[in-house]
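Visitor: I've got a chain open on my screen and would like a quick tour. Could you take me through it?

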Amino acid sequence: MKKFLKDNNFENIDFLHNNSIEVENKIICGTRGWNINEPLLDNSKKILAREALRLELSLQDAIKKIENTEPKEIIEFMHYPPITLQNLNTDFMPV
């Protein structure tokens, strides 16, 4: 996708993918997450683990961007929130 954007002179579009972007003195990061169904299926467990790793990488990138600078708010976006009607999924909670 980045090659397509570059080849077509799109200079103001970027993607959140295991990274973060600084916008107006805030750091934006995100991951897709996953729609958690009860009970959790094997395929869902695999996707959930992958998205938890992507979230961790995005947050690590955001933290690196604010080291040795003035504090900035980090905003995390997810397509699917890490909750269900029955419980909160702690795999997505920062430690």
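Guide: Sure, and here's a term to start with: a salt bridge is a side-chain nitrogen of Lys or Arg within 4 Å of a carboxyl oxygen of Asp or Glu. Bear in mind that this is a predicted model, where local features need pLDDT of at least 70, side-chain atom pairs count only at pLDDT 80 or more, and totals for chains, interfaces and linings use all residues. Residues are numbered from 1 along each chain as its sequence is written, and side-chain values use heavy atoms, with hydrogens and water left out.

Visitor: Which residue forms a salt bridge with Lys65?
Guide: Look in helix H2 (helices are DSSP runs of H or I, at least four residues, strands are runs of E, at least two, and both are numbered from the N terminus). The partner is four residues from Lys65, so about one helical turn separates the two. With the closest N and O atoms 3.2 Å apart, the partner is Asp61.

Visitor: Is Glu51 buried or exposed?
Guide: Buried means under 20% relative accessible area, exposed over 50%, and partly exposed in between (1.4 Å probe, protein chains only). Glu51 has a salt bridge to Arg54, at 3.1 Å between the closest N and O atoms, and Arg54 is partly exposed at 26%. Glu51 itself has 0% relative accessibility, so it counts as buried.

Visitor: Which residues are linked with Glu51 in a network of salt bridges?
Guide: One of them sits three residues from Glu51 in helix H2, about one helical turn away. The network's other members are Arg50 and Arg54.

Visitor: How far apart in sequence are the parts tied together by Asp14 and Lys2?
Guide: Their side chains meet in a salt bridge, 3.4 Å from N to O. Asp14 lies in the loop between H1 and S1, and Lys2 in helix H1, so the parts tied together are apart in sequence by twelve residues.

Visitor: What is the strand order in the open sheet?
Guide: Strands pair if DSSP finds at least two bridges between them. Six bridges join S2 (residues 26-31) to S3, and these two run parallel. The sheet has three strands with mixed pairing, in the order S1-S2-S3.

Visitor: At what angle does helix H2 run to S2?
Guide: Axes are lines fitted to C-alpha atoms, for helices over the stretch in contact (heavy atoms within 4.5 Å). Angles run from 0 to 180 degrees between N-to-C directions. H2 (residues 42-66) lies across S1, S2 and S3, and its angle to S2 is about 165 degrees.
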